[in-house]
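Reader: Hi! I am in my first year, and I would like a close look at the charged side chains here. Could you walk me through their partners and their surroundings?

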Amino acid sequence: MRLALPLFTSLATITTAAFVHPGLLHTNTDFTRISAKVAAGTEPWATAWTKFTASPYAAATYTPPAVSIIYRGSDGTHAENYPLLYQDVAAAYALAIRWRVTGIAQYGDAAIRILDAWSSTLTALGGNSDLFLAAGIYGYEFAQAGEIMRSYTSWTGFVPFKNMMVNVFYSQINEWFVNHDAGTYGQYALGVYAGWDLSMMAGAVAIGILADNQTIYDQGANWFLTGTGNGQVFRAIPYQHWFENQVIAQTQEAGRDQGHNMLDIALLSMIGKMAYNQGNDLLSYNNSVISFAAEYAARYNLGYDVPYTPYNNGPINLPTISNVSRGDLRPVWELLYNHYGVLKGKNVTWTKKYRDLVVSSNGGAEGGSGDYGPNSGGYDQLGWGTLLYTL
Ligand SMILES: *[C@@H]1O[C@H](CO)[C@@H](O)[C@H](O)[C@H]1NC(C)=O
Ligand SMILES: *[C@@H]1O[C@H](CO)[C@@H](O)[C@H](O)[C@H]1NC(C)=O
Ligand SMILES: *[C@@H]1O[C@H](CO)[C@@H](O)[C@H](O)[C@H]1NC(C)=O
Ligand SMILES: *[C@@H]1O[C@H](CO)[C@@H](O)[C@H](O)[C@H]1NC(C)=O
């Protein structure tokens, strides 16, 4: 994968034809490891697998309620119905994993039943400007399931699924990138919280890989490096502090609330992981600044102090760090800990401690969608990290 950018010259140069599949959050190497560990009953995979297979989203009987228009945000006329989508996305992902790890057809069949139901039914995303969040977040999530299932030989629906992801989801993501900074959505110009851009970046990177489309992939990945909005890495992570013998990095939403702050950490890690799987190591960019951001958020959310620089950017003025939803538990930390702490051998003490907290609070394995509340925040990350990311 090629990013034609002078800013980060160490990016590998490979061609579009070389998009790795499956190559979103999980590769064949990952699935080989997971299948072997699950088959052997080794911990922590055994506990993680028991919890995963008990999820209603991993049941072969799961029945998708697809609809033609998904509404997120009230347009004054239509009722919001987006939980229908995020629940089906969670199920498609879980069933795709269950099929890929076991090879049992009933799970593969159940996964493609969901993907086909939506690709034959969904025509648009509606609501108010929150519909962009649906495009970006459910876009990057739904693409994971399609990417895993693309090698299922009895699936004839890959092309319609891919077309839905491009035509329904990516079209809105592109609209965001092209027009929000230009003021079309005035309230969302540069004063927007970083999570908006990060959601669109995750969606573009995922759909670009799924659809073998370098233009779409580059749009998301390049935004990390040189984007003009607040998802660009140094706007999303504006301040680096040397504190108690380590660098920790303050994220843009740290002064808003910790739920959104940790969502941003999750999105950064997923954008980074998908690009990493394509040979673009955004996770190590700027001396692994994403790991510094994770350390900052983990340390603060564990109840320890962190330094804070007042953040002022147009309408967003955040004079102090916010303790709202401090300690929020989200399935974010296994990916970060395993990549930085285990694979790269970095000292990510706070990330590890937060990983340990999330794992122990869920009986020994990071949970997935549905385990962290019934609202959208519980579905913004796909989770199951102990099963999927432990090395
Ligand atoms: C990739 O996506 C862009 C943007 O939607 C589109 O213009 C282009 O035709 C696509 N390329 C391919 C090869 O499909
Ligand atoms: C990381 O980015 C900051 C801000 O642009 C810069 O000052 C610093 O030199 C960069 N560090 C590395 C290792 O690239
Ligand atoms: C949370 O922050 C507010 C405002 O800074 C402060 O008044 C309050 O004491 C803090 N609460 C806790 C539990 O730290
Ligand atoms: C890792 O970092 C933490 C926090 O800065 C520090 O307390 C600990 O001593 C470090 N461990 C090692 C092995 O360097």
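Author: Happy to; what follows goes from the salt bridges to a charged residue without one, and ends with a residue in a loop.

A little background helps. This is a predicted model, in which local features need pLDDT of at least 70 and side-chain atom pairs count only at pLDDT 80 or more, while totals for chains, interfaces and linings use all residues. Residues are numbered from 1 along each chain as its sequence is written, chains are lettered from A and ligands numbered from 1 in the order in which they are written, and side-chain values use heavy atoms, with hydrogens and water left out.

Let us begin with the pairs. A search of the whole structure turns up 10 salt bridges, a salt bridge being a side-chain nitrogen of Lys or Arg within 4 Å of a carboxyl oxygen of Asp or Glu. One of them joins the side chains of aspartate 30 and arginine 33, at 3.2 Å from N to O. Both residues sit in helix α1, and because they are 3 residues apart there, about one helical turn separates them. (Helices are DSSP runs of H or I with at least four residues, strands are runs of E with at least two, and both are numbered from the N terminus.) Are these two partners buried or exposed? Aspartate 30 has a relative accessible area of 9%, so it is buried, and arginine 33, at 16%, counts as buried too. The cut-offs are simple: buried means under 20% relative accessible area, exposed means over 50%, and partly exposed lies in between, using a 1.4 Å probe and protein chains only.

Another salt bridge brings together aspartate 257 and arginine 256, whose side chains meet at 3.9 Å, N to O. Here aspartate 257 is buried, with a relative accessible area of 12%, whereas arginine 256 counts as partly exposed at 27%.

Now move to a pair that reaches across the chain. The side chains of arginine 355 and glutamate 334 form a salt bridge of 3.0 Å, N to O. This pair links distant parts of the chain, with arginine 355 in helix α13 (residues 349-360) and glutamate 334 in helix α12, 21 residues apart. Arginine 355 counts as buried at 15% relative accessibility, and glutamate 334 is buried with a relative accessible area of 2%. The pair also has company: salt bridges that share partners join Glu334, Lys352, Arg355 and Asp356 into one network.

Next comes a charged residue of another kind. Aspartate 197 belongs to helix α7, which covers residues 194-210. What does a buried aspartate have around its side chain? Aspartate 197 is buried but has no salt bridge, and the nearest side chain of opposite charge, that of arginine 235, is 6.6 Å away. (For charge, Lys and Arg count as positive and Asp and Glu as negative; His and the chain ends are not counted.) Instead, look for polar contacts, which are pairs of N or O atoms within 3.5 Å; within protein, one must be able to donate a hydrogen and the other to accept it, and residues adjacent in sequence count only if both atoms are side-chain atoms. The side chain of aspartate 197 makes such a contact with the side chain of tryptophan 223, at 2.7 Å. It also reaches the backbone nitrogen of glycine 231, at 2.9 Å. Leaving out residues up to four places away in sequence, aspartate 197 touches Trp176, His180, Trp223, Gly229, Asn230 and Gly231, where contact means heavy atoms within 4.5 Å.

Finally, try finding arginine 326, in the loop between β6 (316-318) and α12 (333-343). This residue is partly exposed, with a relative accessible area of 33%. Which residues does arginine 326 touch? Not counting residues up to four places away in sequence, they are Gln258, Tyr300, Asn301, Gly303 and Tyr304. With Tyr304 there is a polar link as well: the backbone oxygen of tyrosine 304 lies 3.1 Å from a polar atom of the arginine 326 side chain. As for glycine 303, its C-alpha atom is separated by 7.9 Å from that of arginine 326, while along the chain the two residues are 23 apart.
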